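Let's take a walk through this fold together, going from the sheet to the helices and then inside. Have the structure open and turn it as you read.

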Amino acid sequence: MSPVTVSPEEFHLVEYDAAEIASIVTDLADKVGLGDRTIHVEVDEKTPLGSSAVLSLDPITITVESGGFEDAKKLRHLSRESVEGVIGRHLMRTKDRLNPDFGEPPADDDIPIEQYVAWDVYAVGRLERLGFPSQRERRRYHFRIRHGFTDEADRVFDRLWEAENLTWVDLQAASAEAMAAKPSAPKKKRTAAKGRG
């Protein structure tokens, strides 16, 4: 069982329960294969936004704005599916970083957005196979926005979604393959400057 802690221990601005979040994350960690790792989840209940990030790998520390865990149909209440989606994606990426065979990707802030999105696809596809909710078509749309609305982008997406045991180099190559098929932006026509007369 993974030792999971959540802060704050008591919520005042949202109707969340730290013990419930810890229970969900413990189950996730066990299924992802990080059940022996210490995990800390920091929830910022002061903002309804939904950003999240991994701050540390040892212990695994994940920060989440409270909107990331919110039930869209019941504001300020916790959604198990949202916790699984946000934390599960980060745990999969963390598992990759901890695997020497995966390679050494840059810090998240230094990864080009196209490659970041490709890695997300690979992470969430594996989560789906473990039985967690995935929103596959939403992920496909995000991939298309960054890589182009092309048949090639869809083929690369499907390959990443169904993949196992990829490396960071594999993800970079897949993203580049999809980007190569992306149509160039149309060039703007130059208009002659009107002289003062």
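The paragraphs below follow the strands, the helices beside them and the nonpolar cores.

Please keep in mind that this is a predicted model. A good place to begin is the sheet, which is open and made of 4 strands in the order β1-β2-β4-β3, with mixed pairing. As general background, strands of a sheet pair through backbone hydrogen bonds, either parallel or antiparallel. Here, β1 and β3 (52–57) are the edge strands, each pairing on one side only. From one strand to the next, the twist averages 15°. If you look at β3 and β4, you will find them paired in the antiparallel sense over 5 bridges; S56 stands opposite T61 in β4.

Now for the helices. α1 packs on the sheet and touches β1 and β2, its direction making about 140° with that of β1. α2, in turn, lies across β2, β3 and β4 and runs at about 35° to β3.

What fills the inside? In soluble globular proteins, nonpolar side chains tend to be buried together. The largest nonpolar core in this model has 30 residues, and V6, I21, F69, I87 and L91 have the most contacts inside it. Elements giving two or more residues to this core include β1 (4–7), α1 (18–32), β2 (39–44) and α2 (80–98). The most comes from α1, with 8 residues.

I87 makes a handy landmark: leaving aside neighbours within four places in sequence, I87 is in contact with V25, L28, V41, I62, V64 and F69. Apart from this core lies another, of 21 residues, with V117, W119, V121 and A178 among them.

Notes. Residues are numbered from 1 along each chain as its sequence is written. This is a predicted model: local features need pLDDT of at least 70, side-chain atom pairs count only at pLDDT 80 or more; totals for chains, interfaces and linings use all residues. Side-chain values use heavy atoms; hydrogens and water are left out. A nonpolar core is a set of buried Ala, Val, Leu, Ile, Met, Phe, Trp, Tyr and Cys residues joined through side-chain atoms within 4.5 Å. Buried means under 20% relative accessible area, exposed over 50%, partly exposed in between (1.4 Å probe, protein chains only). Contact means heavy atoms within 4.5 Å. Two strands pair if DSSP finds at least two bridges between them. Axes are lines fitted to C-alpha atoms, for helices over the stretch in contact, and angles run from 0 to 180 degrees between N-to-C directions.
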